[in-house]
Amino acid sequence: MTDEQLLRYSRHILLDALGIEGQEKLLSAHALVVGAGGLGSPAALYLAAAGVGRLTLADGDTVDFTNLQRQILHTVDRVGTAKAESGRTALRAINPEVTVTPLCERLSGSQLDALVGSADVVLDCTDNFATRHAINRACVRHRKPLVSGAAIRFDGQVSVYDLRRDDSPCYHCLFPEGEEAEEIRCAVMGVFAPLTGMVGAMQAAEALKLVAGIGESLIGRLLLIDALTMQWRTVRFKKDAGCSICGQKNR
Amino acid sequence: MTESAAVLIRIPTPLRTYTAGADMVAVSGDNVADALTALGRQHPGILERVLDERGELRPFVNVYLGSANIRSLEGLGTPLEMDDILAIIPAVAGTIPR
């Protein structure tokens with residue numbers, strides 16, 4: 001680590017659980033952040049500020065004026081530009097040491113598969129179930145840790161699927177894929193701006209812990225936030241032995 | 001004849017449009033199915049978001065009794081006791097329809 005890095009990351013290095021060894025793990029890590037919107041913005045900002053060495057930021061959308069209420073990677077002067085590119089600009093401004101690879105497309109198929117395979121940790125910051133399930137399948141296939149966040153209206157959810165472990169449930173164990181899965185999402189719109197910040201920041205926290213190998217992650221626990229009453233609860237869930245994605249016979 | 005258990009159902013914010021904003025709804029029921037049916041009677045429209053046309057739990061919705069997923073208990077037939085708290089926990093994706 002250079003003198004500048006020792007200074008920049010000194011407040012991490014001072015943490016007993018992290019120290020120089022943990023920070024070095026962050027510096028050599030590759031995080032894949034899928035989605036550069038409400039969740040991906042804070043998540044990517046914290047990962048970059050914290051010194052994750054390589055960040056791949058994928059999003060197929062362009063910055064819209066209505067995004068600026070919560071998507072803090074983006075600015076008024078970048079409305080109309082690709083979110084992934086806009087994100088790179090913001091992340092570079094905070095930490096030019098981080099190598100940011102912007103992908104201005106909605107990931108799917110072999111491209112998603114290859115990217116997940118090359119990542120140390122994957123953050124699902126997406127806005128649709130099809131991509132969520134595709135990311136989960138790729139993480140199961142490559143046995144990669146997945147940090148999943150979601151927010152709508154005043155409800156937030158965060159969990160970790162550490163698919164390096166045989167006993168970890170996957171996203172499909174908790175929410176099996178179904179053709180009607182869009183109903184609730186499309187029925188309502190709107191999201192409380194700071195809720196996306198809370199969820200995205202927690203995704204970054206869980207990703208950093210997984211990379212550094214510290215603490216206890218949210219494996220098998222779904223953290224639920226009701227920002228309207230500011231109640232935080234966790235519910236537990238288990239691996240589904242018969243899961244069509246991660247069940248024993250499918251591994 | 002014994003009275004049905006009085007229980008509370010915790011409503012997630014995406015479904016509070018059906019409950020006039022209420023985050024908890026008090027119902028009576030001997031089991032989860034009874035309680036959800038009572039919820040549907042009080043707040044028309046909400047049940048269709050939770051159960052499919054066959055009356056089964058939709059795959060992207062989980063119902064918890066305390067800290068246990070009813071799928072790991074006895075499903076909709078899971079018996080309820082007085083003052084139990086059920087929570088409806090739908091999968092959440094994001095805000096943008098495609």
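## A selection tour, starting at D167(A)

Select D167(A): its relative accessibility is 47%, so D167(A) counts as partly exposed. The model on your screen is predicted. Now add R165(A). The two side chains meet in a salt bridge, 3.0 Å from N to O. R165(A) is partly exposed, at 38% relative accessible area.

**Across the chains**

Next, pick R16(B) and D226(A). They form a salt bridge whose closest N and O atoms are 2.6 Å apart. This pair crosses between chains. R16(B) sits in the loop between strand 1 (5-10) and strand 2 (24-29) of chain B. D226(A) belongs to strand 7 (residues 221-226) of chain A. Buried or exposed? Both R16(B) and D226(A) are buried.

**Back within chain A**

The whole structure holds 10 salt bridges over all chains. Another of them joins the side chains of R137(A) and E177(A), at 3.1 Å from N to O. R137(A) lies in helix 7 (residues 129-142), and E177(A) in the loop between helix 8 and helix 9, so the pair ties together parts 40 residues apart in sequence. R137(A) is partly exposed at 30%. E177(A) is partly exposed too, at 41%.

**The rings**

Turn to the aromatics. How many aromatic pairs does a search of the whole structure find? Over all chains, four. Select F154(A) and F192(A): the ring centres are 5.0 Å apart and the planes stand at 40 degrees, so this pair is tilted. F154(A) is in the loop between strand 5 (145-152) and strand 6, while F192(A) is in the loop between helix 9 (183-187) and helix 10 (193-212); the pair therefore ties together parts that are 38 residues apart in sequence. F154(A) is partly exposed, with 25% relative accessibility. For F192(A) the value is 35%, again partly exposed.

Now show Y161(A) with Y171(A). This aromatic pair is edge-to-face, 6.0 Å centre to centre, with 90 degrees between the planes. Y161(A) lies in strand 6 and Y171(A) in helix 8, so parts 10 residues apart in sequence are tied together. Both tyrosines are buried. Extend the selection to F175(A) and F237(A): ring pairs link these two with Y161(A) and Y171(A) into a cluster.

**The cysteines**

Keep Y161(A) on screen and add C170(A). C170(A) is found in the loop between strand 6 (155-162) and helix 8 (171-174) of chain A. At 0% relative accessibility, C170(A) is buried. Leaving aside neighbours within four places in sequence, its contacts are N136(A), V140(A), Y161(A), L163(A), C243(A), I245(A) and C246(A). For a backbone check, pick L146(A): its C-alpha is 8.7 Å from that of C170(A), with the two positions 24 residues apart along the chain.

How many disulfides does the structure hold? Zero, over all chains. Select C125(A) to see one case. Its sulfur lies 12 Å from the closest cysteine sulfur, that of C139(A), which is too far for a bond. C125(A) is buried, at 6% relative accessibility. Then go to C246(A). The nearest cysteine sulfur belongs to C173(A), 3.4 Å away, and C246(A) is in no disulfide. A disulfide needs the two sulfur atoms within 2.5 Å. C246(A) is buried, with a relative accessible area of 0%.

**Last stop: a nonpolar patch**

Finish with M1(A), L6(A) and I20(A). Together they make a nonpolar surface patch of about 220 Å². I20(A) lies in helix 3 (residues 19-27) of chain A. With a relative accessible area of 40%, I20(A) is partly exposed.

Conventions:
Residues numbered from 1 in each chain as written. Chains lettered and ligands numbered in written order. Predicted model: local features only at pLDDT ≥ 70, side-chain atom pairs only at ≥ 80, totals over all residues. Heavy atoms only, no water. Patch = residues over 30% accessible without salt bridge, like charges linked within 9 Å, V, L, I, M, F, W, Y side chains within 5 Å. Areas by Shrake-Rupley, 256 points an atom, 1.4 Å probe, with all protein chains shown as cover. Salt bridge = Lys/Arg side-chain N within 4 Å of Asp/Glu carboxyl O. Helix = DSSP H or I, 4+ residues; strand = E, 2+ residues; numbered from the N terminus. Buried < 20%, exposed > 50% of the residue type's maximum accessible area, 1.4 Å probe, protein only. Contact = heavy atoms within 4.5 Å. Phe/Tyr/Trp six-rings, centres within 6.5 Å; stacked < 30°, edge-to-face > 60°.
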